[in-house]
Amino acid sequence: MTYFDAAETRTADQRAADIALLLPAQIARAQALAGYAALLGGVDAGSVTDRAALAALPVLRKSELGAAQRAQAPFGGFTTKPASAFSHVFQSPGPIYEPSSNDPDWWRMGRFLHACGIGAGDIVHNCFGYHLTPAGMIFESGARAVGAAVLPAGTGQTELQVTAARDIGTTAYAGTPDYLKVILEKADEMGVTLAITRAAVGGGALFPSLRAWYAERGITCLQSYATADLGNIAYESPAAEGMIVDEGVIVEIVTPGTGDPVAEGEVGEVVVTTLNPDYPLIRFATGDLSAVMPGESPCGRTNMRIKGWMGRADQTTKIKGMFVRPEQVAALVAAHEAIERARVVASRSGEQDVMTVQIESGAGDAEAFGALVQAHLKLKGAVEVVAPGSLPRDGLVIEDQRTYD
């Protein structure tokens, strides 16, 4: 088996040693930027050499990035170059602006396409969008990194897509998981056989049934986890056991609403630090849920694995007309040393909302915690004190049990 580069098979000690050199430099680079003045002021960059030290830094949320961009367009003081020095400026919904560079594999997507078996001699049928949002360019830069040619197809006009794929001889697909099925079914209607045997997908869930449907047609379909802000975060290999974290980022899984890492295997929010010197996002909260998988991939790549996308961490819920947010639950836990964990449950009784706050604690009682609940959640609710370790480790700090049908 060949790998994209030697970084994929580093030992844990080698990877930690490399991070110990790269991470302090990235923190120092960020500290020089206006966007990080409040977040990283006073931090000793030279001491941030590992995950434990990184976990002590504040989390940067997309809402904060958006607010900074509105105050200082277009990048909010978070890039090391002005907009004119980048090759592209993209706009994602929000709006949030993202930079791009023509530097080789700037988005780090080549590693994923290599794992898919895409390389020199292939023509990638790229059905990600090129208009305003960066997904099309993200995958195109990855194709260039592995020596493949690209048909910048986008979506729509499916009959023309089939004709182009046949005439050009595209051998690989990049796009959302379901759109390739649309193209293949149109090809069947037209009596056309396409040469696509590999699919690199993202931007949506790849359901097992759809993966099996592609496999029956001789197409190997693997998925990546990437965002417009961060580029590639993690990707599948042919082993298809979880998603391997990209070598250009550091991924943490934390309790939603906090920056506190969870135990291995527990579900939490994905927080990413990128080592990209042009756009040094430090502890950037994606809002996605995942969990760390133990061990290494059977494919030989040695970096940490995650289970892939497992839902959204933003569990903000309206109860009795008031929003309750994960950050408030985190503040409640921090407010009393006897509280180990908390979970807010929203339910209905007699056509009225009911809030129950379950508190893990080896000491204290429901009445004692009631005032804290009202102070931090701004609502009165029933309090249940439960034994330490008894709440589910599923990433939920706010559970909405109400039905709306």
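These legends describe close-up views of a predicted model.

**View 1. Strands β19 and β20 pair in parallel.** β19 covers residues 352-361 and β20 covers residues 382-386. Five bridges join the two strands. V357 stands opposite V383 in β20. From β19 the chain passes through helix α11, residues 366-377, before entering β20. This β-α-β crossover is right-handed.

**View 2. Helix α11 has a buried side and an exposed face.** The helix has twelve residues. From first C-alpha to last it reaches 15 Å, close to the 16 Å expected at 1.5 Å a residue. F369, L372, V373 and L377 are its buried residues. They lie on the same side of α11 because they cover an arc of only 110° around the axis. The face turned away from that buried side carries E367 and A371, both exposed.

**View 3. The buried residues of α11 pack against five elements: β17, α10, β18, β19 and β20.** Among these partners, β17 spans 322-324, α10 spans 326-334 and β18 spans 339-349. Just after α11 comes K378, with a positive phi of about 65°.

**View 4. Four strands build an open sheet with mixed pairing.** The strand order is β1-β13-β12-β11. β1 (60-61) and β11 (249-254) are the edge strands, and each pairs on one side only.

**View 5. Strand β1 meets β13 at the sheet edge.** Two bridges join β1 to β13, residues 284-290, and the two strands run parallel. R61 has A285 in β13 as its bridge partner.

Key. Residues are numbered from 1 along each chain as its sequence is written. This is a predicted model: local features need pLDDT of at least 70, side-chain atom pairs count only at pLDDT 80 or more; totals for chains, interfaces and linings use all residues. Side-chain values use heavy atoms; hydrogens and water are left out. Two strands pair if DSSP finds at least two bridges between them. A crossover is right-handed if, with the strands pointing away from the viewer, the path from the first strand over the helix to the second runs clockwise. The expected span of a helix is 1.5 Å times one less than its number of residues. Buried means under 20% relative accessible area, exposed over 50%, partly exposed in between (1.4 Å probe, protein chains only). The arc is that of the directions from the helix axis to the C-beta atoms. Contact means heavy atoms within 4.5 Å.
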